[in-house]
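Got your viewer open? Let's take a short walk through the model, one selection at a time.

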Amino acid sequence: MCMYAMHFLNDVHTSEDLVQECFMSYWERFLNISGNPSGFPASPKQYLFAMVRNRCIDLIRKESGKDSSVNLSEAERFAADEESVDMSFLEARMWTAIDSLPEKRRKIFLMAKRDGMKYEEIAEVLNISVNTVRNQMAKALDAVKSGNGKVLSYVLIFF
């Protein structure tokens, strides 16, 4: 949900705070009522995403008079797109998969994919052989692929 909010707000801390506020509001409204969840939404996931979307748009509107880095019409178009929620899930899963890699493998993977470095350049910077870089990249891609094929496809498109 934080990734979803990031697409609206372009600010990590504001996105995290907003999502936390949404979870707290959800908790107070539906789950903390003497253990009796009355009027519980049929799809909590959809409810929470709608809550995050609406609060992001409210925040953008509120700050539209200030120097806002987000265009409201762009945010509203993103909010109307059903694929945006799925993309946010894949993006979050992608970063989880990357973060779970061993430190050196993650560094090699990010240098290659995020920074666009060639294997020879990575080998030179890290003082390792090009074959080691190839092997680590293959292992990184296998690890991401074993988590979920869709995540691997997204990784390859994202980078």
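Start by selecting phenylalanine 40, which sits in the loop between helix H2 (12-31) and helix H3 (44-63); helices here are DSSP runs of H or I with at least four residues, numbered from the N terminus. This is a predicted model, where local features need pLDDT of at least 70, side-chain atom pairs count only at pLDDT 80 or more, and totals for chains, interfaces and linings use all residues. Residues are numbered from 1 along each chain as its sequence is written, and side-chain values use heavy atoms, with hydrogens and water left out.

Is phenylalanine 40 buried or exposed? In between: it counts as partly exposed because its relative accessibility is 39% (buried is under 20% relative accessible area, exposed over 50%, partly exposed in between, with a 1.4 Å probe and protein chains only).

Now add Trp27 and Leu31 to the selection: with Phe40 they make a nonpolar surface patch of about 280 Å².

Next, pick H3. Its 20 residues should span 28 Å at 1.5 Å a residue, and the end C-alpha atoms are indeed 28 Å apart (the expected span is 1.5 Å times one less than the number of residues). Then color the buried residues of H3: Leu48, Phe49, Met51, Val52, Cys56, Ile57, Leu59 and Ile60. An α-helix has 3.6 residues a turn, so residues three or four places apart point the same way.

Finally, zoom out to the whole chain. You'll count nine helices and zero strands, and 32% of the 159 residues are buried.

Notes: Helix = DSSP H or I, 4+ residues; strand = E, 2+ residues; numbered from the N terminus. Patch = residues over 30% accessible without salt bridge, like charges linked within 9 Å, V, L, I, M, F, W, Y side chains within 5 Å. Areas by Shrake-Rupley, 256 points an atom, 1.4 Å probe, with all protein chains shown as cover. Salt bridge = Lys/Arg side-chain N within 4 Å of Asp/Glu carboxyl O.
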